[in-house]
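Student: Before we discuss this model, could you show it to me, so that each term we use can be tested against its value?

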Amino acid sequence: MRAKANKQEIAASKVRLKKSLGQNFLTEKNIVEKIVRTADVDKDTNVIEIGPGIGALTELLIDQSKFTTAVEIDDELIPVLTESFGSYENFELKHIDFLKTDASQFETHGASTTKVVANLPYYITTAIITKILNEMDYVDEIYIMVQKEVAERISASPKSKQYGSLSVYCQLLCEVNYEFTVKRTVFMPPPNVDSAIISLKRKDLDIDIKTIEKFVQNAFKQKRKTLVNNLNKAYGVDKPTITAFLEGLGYKPSVRAEEISPEEYINMQSKFKEEVING
Ligand code: SAM
């Protein structure tokens with residue numbers, strides 16, 4: 001099996017790197033190893049890799065997993081990946097746009113855990129995370145490289161500057177961990193920002209996530225406004241009623257969306273429905 005995580009290998013592949021597809025390839029084997037170690041991939045793990053590039057991560061994933069499925073959009077990379085990994089029985093390459101993929105086409109290959117492990121194309125990071133969390137309930141854990149700033153937003157705590165609806169959404173559904181920072185210099189070409197590996201482990205939940213998600217989006221609609229104002233606008237309920245409702249839950253009338261934790265949102269949304277909308 002040939003590793004393709006250095007500048008010479010990338011140059012030798014003669015692939016034209018496409019900025020439009022977010023192609024910043026990993027060039028350091030120790031970072032590749034650290035990612036796969038962090039993801040704790042073993043022979044009972046089914047892996048889905050989004051955007052294998054020329055296969056920097058793919059090699060080790062195939063080696064350590066029960067089965068690895070790689071999803072790549074770029075025509076030019078398909079022969080390169082097929083040549084390197086096509087003969088492995090525990091490997092499948094899908095030449096498709098992940099965002100347009102029917103999520104039911106992935107198999108779990110009899111493994112006890114399914115993990116997404118990927119160095120994501122940054123321009124569609126949020127869309128990819130949302131698709132996995134909304135449509136692929138068989139994915140138990142996600143280990144992804146994203147822009148450092150996005151990793152900070154996803155893992156942010158309430159009341160911090162980075163905390164927003166994306167943090168709440170991810171933390172509602174998953175145990176989120178900022179794993180480690182990756183310097184821009186280990187990519188070819190180097191992007192303009194540093195990156196980070198973040199992990200999302202799905203929680204075992206029994207909640208109506210769609211309704212809560214909508215409530216959270218409404219709460220954050222205008223960041224400078226108070227929660228009373230945002231809920232008033234979204235649900236058309238008068239401000240005194242919303243103020244009394246929030247005070248009943250122990251919040252000041254001036255409370256803002258970014259002061260409320262994911263767990264508090266679950267409670268708040270169900271009480272809001274019960275006491276304000278239906279009450
Ligand atoms: N995993 C490789 C590495 O670490 O060197 C490449 C990572 S590069 C940041 C992102 C990869 O995602 C590229 O190979 C790109 O062609 C692919 N890609 C971009 N958009 C995609 C999409 N919608 N579906 C599948 N793959 C995509």
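**Terms and values in a predicted model**

Tutor: Let us begin with a loop, bearing in mind that the model is predicted: Asp40 sits in the loop between helix 2 (29-39) and strand 2 (45-50).

Student: What makes the phi of Asp40 worth a remark?

Tutor: The phi of Asp40 is positive, at about 50°, although Asp40 is not a glycine. Lys159, in the loop between helix 6 (148-154) and helix 7, also has a positive phi in a residue other than glycine, with a value near 75°.

Student: Why is Lys159 called exposed?

Tutor: The term exposed requires a relative accessible area over 50%, and Lys159 has a relative accessibility of 64%, so Lys159 counts as exposed.

Student: Why, then, is Asp102 called partly exposed?

Tutor: Asp102, which is found in the loop between strand 4 (91-95) and strand 5 (113-119), has a relative accessible area of 48%. Because buried means under 20% and exposed means over 50%, the value of 48% falls in between, and Asp102 is therefore partly exposed.

Student: How do you know that the side chains of Asp102 and Ser104 are joined by a polar contact?

Tutor: The pair is 2.9 Å apart, and the cut-off for N or O atoms is 3.5 Å, so the distance satisfies the term.

Student: Which peptide bond is cis, and where does its proline lie?

Tutor: The bond from Met188 to Pro189 is cis, with omega near -10°, and Pro189 belongs to the loop between strand 8 (187-188) and strand 9 (195-202).

Student: What makes Glu72 a polar partner of the ligand?

Tutor: A polar side-chain atom of Glu72 is 2.6 Å from an oxygen atom of the ligand, and since the limit for such a pair is 3.5 Å, the two atoms are therefore in polar contact. An N or O atom in the side chain of Asn119 lies 2.8 Å from an oxygen atom of the ligand, while a polar backbone atom of Gly51 is 2.8 Å from a ligand nitrogen atom. The protein buries 99% of the 600 Å² that the ligand exposes when taken alone.

Student: Which residues come nearest to the ligand?

Tutor: Of the 24 residues around the ligand, the nearest are Leu26, Gly51, Glu72, Asp97 and Asn119.

Student: How do you know that the span of helix 11 is close to the expected one?

Tutor: Helix 11 (residues 262-277) has 16 residues, and the distance from its first C-alpha to its last is 21 Å, against 22 Å expected at 1.5 Å a residue. Helix 11 nevertheless has a kink of about 25°, centred on Lys271.

Student: What makes certain residues of helix 11 buried, and against what do they pack?

Tutor: Pro262, Tyr265, Met268, Gln269, Phe272 and Val276 are the buried residues, a term that demands a relative accessible area under 20%. These buried residues pack against helix 7 (165-173), helix 8 (209-219), helix 9 (227-235) and helix 10 (239-248). As for spacing, an α-helix has 3.6 residues a turn, so residues three or four places apart point the same way.

Student: How many residues does the chain have, and what share of them counts as buried?

Tutor: The chain has 279 residues, of which 51% count as buried, and it contains 11 helices and nine strands. Among contacts with a separation of 6 or more, 66% come from residues 24 or more positions apart.

Notes
Residues are numbered from 1 along each chain as its sequence is written. This is a predicted model: local features need pLDDT of at least 70, side-chain atom pairs count only at pLDDT 80 or more; totals for chains, interfaces and linings use all residues. Side-chain values use heavy atoms; hydrogens and water are left out. Helices (H or I, at least four residues) and strands (E, at least two) are DSSP runs, numbered from the N terminus. The expected span of a helix is 1.5 Å times one less than its number of residues. The bend at a residue is the angle between axes fitted to the seven residues ending there and the seven starting there. Buried means under 20% relative accessible area, exposed over 50%, partly exposed in between (1.4 Å probe, protein chains only). Contact means heavy atoms within 4.5 Å. A residue is near a molecule or strand if one of its heavy atoms lies within 4 Å of it. A polar contact is a pair of N or O atoms within 3.5 Å; within protein, one must be able to donate a hydrogen and the other to accept it, and residues adjacent in sequence count only if both atoms are side-chain atoms. Accessible areas come from the Shrake-Rupley method with a 1.4 Å probe; for residues, only the protein chains shown count as cover.
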